[in-house]
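Q: I am new to this structure and would like a close look at a single part of it, taken slowly and with the terms explained.

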Amino acid sequence: MAKKKYYVVWMGHVPGVYTAWPTAKQQIDGYKGAKYKSFPDRAQAEAAFRRGFGSYLKQSLGTKASKSSHPRTRPSAVPSSETIIGKSISVDAACSGNPGKMEYQGVTTVGKRQIFHQAFPLGTNNIGEFLALVHALAFLQKQEQPDLPIYTDSKIAMGWIKKGKCKTTLVRNAKTELLYQTIEKAEAWLKENTVTNPILKWKTKVWGEIPADFGRK
């Protein structure tokens, strides 16, 4: 009789502890950067899930355990002291050229459900990252969720939000006029509103691509 196992999914469609592999597998199939591992008993599995992937991996790498004791991950990861907050929004931008056709989107961090999406004929990736953050902040304000975290992989966009200004050098002309009008609205929103939602840096090297990534790299 096969020994029962418990499966921890730290990062997947629905993170949690599962008692059946087929159910656990559903949570990681098609999820880029999924992180999971099996455990011999429920207590170990639940403790590992509570600690979070980064904390568990750091402890695991600090011991002389065998290679098979390390959690499975897509792609491979390094230790992190921070765990992913599942109840959050993730934003990202993509640009075909720099400048070039630009778009940005916001998705639920768990499940990658698209919440908003905007596209412009000409822009830059940094502008898209900035606008995505402001869009997420405004959206959460309307939803009366002032504490829900927002993930971004752009330090530049985080800095622009802090300054309340999109510090782009993109030329303003007929092709970029609509984009500049959107930037001005975003800057006005930041001036008129208080940012309460935590804006967190997505650790790509640890967790893989941000859930809002367009997958064009």
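How many aromatic pairs does the structure hold, and what surrounds them?

A: Before the rings themselves, a word on the source: this is a predicted model, in which local features need pLDDT of at least 70 and side-chain atom pairs count only at pLDDT 80 or more, while totals for chains, interfaces and linings use all residues. Residues are numbered from 1 along each chain as its sequence is written, and side-chain values use heavy atoms, with hydrogens and water left out.

The structure holds 8 aromatic pairs, where rings of Phe, Tyr and Trp (its six-membered ring) pair if their centres lie within 6.5 Å, and planes under 30 degrees apart count as stacked, over 60 as edge-to-face and the rest as tilted. One of them joins F130 and W160, whose ring centres are 6.1 Å apart and whose planes stand at 70 degrees, so this pair is edge-to-face. Because F130 belongs to helix α4 (residues 125-142) and W160 to helix α5 (residues 155-163), the pair ties together parts that are 30 residues apart in sequence; helices here are DSSP runs of H or I with at least four residues, strands are runs of E with at least two, and they are numbered from the N terminus. F130 is buried, with a relative accessible area of 0%, and W160 also counts as buried, at 10% relative accessibility; buried means under 20% relative accessible area, exposed over 50%, and partly exposed in between, with a 1.4 Å probe and protein chains only. A further edge-to-face pair is formed by W202 and W207, at 4.8 Å centre to centre and 65 degrees between the planes, and both of these residues are buried.

F130 also leads into the largest nonpolar core, a term for a set of buried Ala, Val, Leu, Ile, Met, Phe, Trp, Tyr and Cys residues joined through side-chain atoms within 4.5 Å. Of the 30 residues in this core, V91, Y104, I127, F130, L131 and L179 touch the most other members. Two or more residues each come from β5 (89-97), β6 (100-108), β7 (114-123), α4, α5 and α6 (177-192), and the largest share, 10 residues, comes from α4. Leaving aside neighbours within four places in sequence, L179 is in contact (heavy atoms within 4.5 Å) with M102, F120, L122, G123, I127, L131 and L170. A second, separate core of 14 residues includes Y7, Y18, V206 and W207.

L179 is one of the buried residues of α6, together with Y180, I183, A186, E187, W189 and L190, and the buried residues of this helix pack against β6, β7, α4 and α5.

Y7, from the second core, forms one aromatic cluster with W21 and Y36. Strand β1 (residues 6-11) pairs with β3 in the antiparallel sense over 5 bridges, where two strands pair if DSSP finds at least two bridges between them, and the bridge partner of Y6 in β3 is F39. Since 4 of the 5 residues of β3 (residues 35-39) are buried, this strand is largely enclosed by the rest of the structure. Charges sit over both of these bridged rings: K4 lies over the face of Y6, at 5.4 Å from the ring centre, and the charged end of K37 sits over the ring of F39, 4.4 Å from its centre. For this, NZ of Lys or CZ of Arg must be within 6 Å of the ring centre and within 35 degrees of the ring normal.
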